[in-house]
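Good morning, and thank you for the time. I should like to take you through one structure, step by step.

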Amino acid sequence: MTTQAAISSYEVDHSGPNYIAVFIYLAILTGIELGVYATGLPHVAKVGLLIALAWAKAVLVAMYFMHLAMEKRALALIAIIPIVLVTFLCFMLLPDLTTRMWTKFDHKIKVTNPAEMGAHPVAPPPVQAPIPQL
């Protein structure tokens, strides 16, 4: 009698999430991603939607397959802090990346590089500072 009670309490305690349902949600999100890719949306909207769907899939995997949903809140906080830091660092690099992209386009003022024009630039001789007379 006590063995049955122990077995039934063991089954109740270790009833995990419905992995098949999570798998179906992930498959649906993947189908939506393929649909977004196949549509004629503008490039920025398409990339934004694909990133949002990828985040949703990553959260589902982290919560149920990495068991963060069943863990204490402190462990989930440890997993969230690097995500916040990476997002912050990406936004910190964004001005530099946009500046580098800007230089790839044609400019009104033509900038020439003497080395590309066939010239061999020679560095000017170093200027010697006058020695002070005492």
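I will speak about a helix, then a salt bridge, and then two pockets.

Please keep in mind throughout that this is a predicted model.

Let me begin with helix 3, which runs over residues 43-65. Helix 3 has 23 residues, and from its first C-alpha to its last it reaches 32 Å. That is close to the 33 Å expected at 1.5 Å a residue. Among the residues of this helix, Lys-46, Leu-53, Leu-60 and Ala-62 are buried. The cover over the buried residues of helix 3 includes helix 2. After helix 3 comes His-67, which has a positive phi, near 60 degrees.

I turn now to the salt bridge. How many salt bridges does the structure hold? It holds one. The partners are Glu-33 and Lys-57, and their closest N and O atoms are 3.2 Å apart. This pair joins distant parts of the chain, since Glu-33 belongs to helix 2 (residues 19-38) and Lys-57 to helix 3, with their positions 24 residues apart in the numbering.

Is Glu-33 buried or exposed? Its relative accessible area is 16%, and buried means under 20%, so Glu-33 counts as buried. Which residues does Glu-33 touch, if we leave out those up to four places away in sequence? They are Leu-50, Leu-53, Ala-54 and Lys-57. Of these, Leu-53 has already appeared in this talk as a buried residue of helix 3, and Lys-57 as the salt-bridge partner.

Next, the pockets. The largest pocket has a volume of about 270 Å³. Its lining consists of Trp-55, Ala-58, Val-59, Ala-62, Met-63, Leu-68, Ala-69, Arg-73, Ala-76, Ala-79, Ile-80 and Ile-83. Helix 3 and helix 4 (73-102) each supply at least two residues of that lining. By class, eleven of the lining residues are nonpolar, none is polar and one is charged.

The second largest pocket holds about 160 Å³ of space. Around it stand Val-44, Val-47, Gly-48, Ile-51, Trp-55 and Thr-87. Where does the largest share of this lining come from? Helix 3 provides it, with five residues. Here the classes are four nonpolar, two polar and no charged residues.

To close, I return to helix 3. It holds Lys-57 of the salt bridge, it contributes to the lining of the largest pocket, and it gives the largest share of the lining of the second largest pocket. Thank you for your attention.

Methods: Residues numbered from 1 in each chain as written. Predicted model: local features only at pLDDT ≥ 70, side-chain atom pairs only at ≥ 80, totals over all residues. Heavy atoms only, no water. Salt bridge = Lys/Arg side-chain N within 4 Å of Asp/Glu carboxyl O. Helix = DSSP H or I, 4+ residues; strand = E, 2+ residues; numbered from the N terminus. Buried < 20%, exposed > 50% of the residue type's maximum accessible area, 1.4 Å probe, protein only. Contact = heavy atoms within 4.5 Å. 1 Å grid on protein atoms, 1.4 Å probe; cavity = no way out; pocket = protein on both sides within 12 Å on 5 of 7 lines; lining within 4 Å. Points joined across faces, edges and corners; volume = space filled by probe spheres on them. Nonpolar A, V, L, I, M, F, W, Y, C, P; charged D, E, K, R; others polar. Expected span 1.5 Å × (residues − 1).
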